[in-house]
Amino acid sequence: MKRILLSMLFVTLLLSSSALATELVVIETNYGDMTVELNTEKAPLSVANFLTYADSGHYTDTIFHRVIKNFMIQGGNFSTEMAPKKTRGKIKNEASNGLRNLRGTIAMARTGEVDSATSQFFINLKDNGFLDHRNTTIKGYGYAVFGKVVKGMDVVNKIGTSPTHTYQRFSDVPVEPVIIRSVKRVKQP
């Protein structure tokens with residue numbers, strides 16, 4: 001009897017811990033909404049960072065400022081006038097977590113410095129294996145995937161085909177601003 005109770009307790013703990021391995025957020029845009037499942041198990045630092053920005057309202061009224069057809073859409077820090085918002089500190093790059101830059105995944109944007117991600121993120125429009133972690137060099141380190149779009153890929157695709165132009169010093173900026181109205185956590189079904 002004790003063994004059965006312990007097994008049941010173990011299964012209950014296992015199920016509840018796996019239920020906690022993801023968080024859901026809705027990214028509301030003027031093009032429509034997308035639901036993103038964040039992987040707290042494989043990318044805990046990236047997810048915590050993203051949720052801190054989301055919970056603080058940082059993403060409200062920012063734009064997808066970089067859209068490259070058949071590649072990715074990037075946002076998370078610029079206003080419609082391309083003015084950057086103040087960000088928190090840089091985070092550790094979790095690109096070696098085993099998650100791949102596949103179509104519909106969300107990853108942390110960064111500069112040429114490995115551990116330079118702050119608030120910006122991108123969503124892959126296709127499988128982009130060349131962005132995956134290959135080694136610990138600057139060129140091979142990769143971009144940390146921390147979740148995937150589970151609803152609203154039609155919205156992502158629509159954004160991904162937006163006409164773009166050069167605005168100020170930035171290229172690949174949508175002609176019609178793609179505004180992030182909010183990023184909010186939602187309860188798991």
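What share of the contacts in the protein with a separation of 6 or more do residues 24 or more positions apart account for? The figure is 68%, where a contact means heavy atoms within 4.5 Å.

The structure is a predicted model, in which local features need pLDDT of at least 70 and side-chain atom pairs count only at pLDDT 80 or more, while totals for chains, interfaces and linings use all residues. Residues are numbered from 1 along each chain as its sequence is written, and side-chain values use heavy atoms, with hydrogens and water left out.

Begin with the whole protein in cartoon representation. It contains 3 helices and 10 strands, taken as DSSP runs numbered from the N terminus (helices: H or I, at least four residues; strands: E, at least two). From the N terminus, the order is α-β-β-α-β-β-β-β-β-α-β-β-β.

Next, display the surface. About 10300 Å² is exposed, and carbon and sulfur atoms supply 57% of that area (Shrake-Rupley method, 1.4 Å probe; for residues, only the protein chains shown count as cover). Of the 189 residues, 46% count as buried, that is, under 20% relative accessible area (1.4 Å probe, protein chains only).

Now select strand 6, residues 121–124. Phe121 and Ile123 point one way, Phe122 and Asn124 point the other way, and all are buried.

Add strand 4, residues 72–75, which pairs with strand 6 in the antiparallel sense over 4 bridges; pairing requires that DSSP find at least two bridges between two strands. Here Gln74 has Phe122 of strand 6 as its bridge partner.

Finally, add strand 5, residues 105–108, which runs antiparallel to strand 6 and is joined to it by 3 bridges. Met108 has Phe121 of strand 6 as its bridge partner.

Terms used: Buried means under 20% relative accessible area, exposed over 50%, partly exposed in between (1.4 Å probe, protein chains only).
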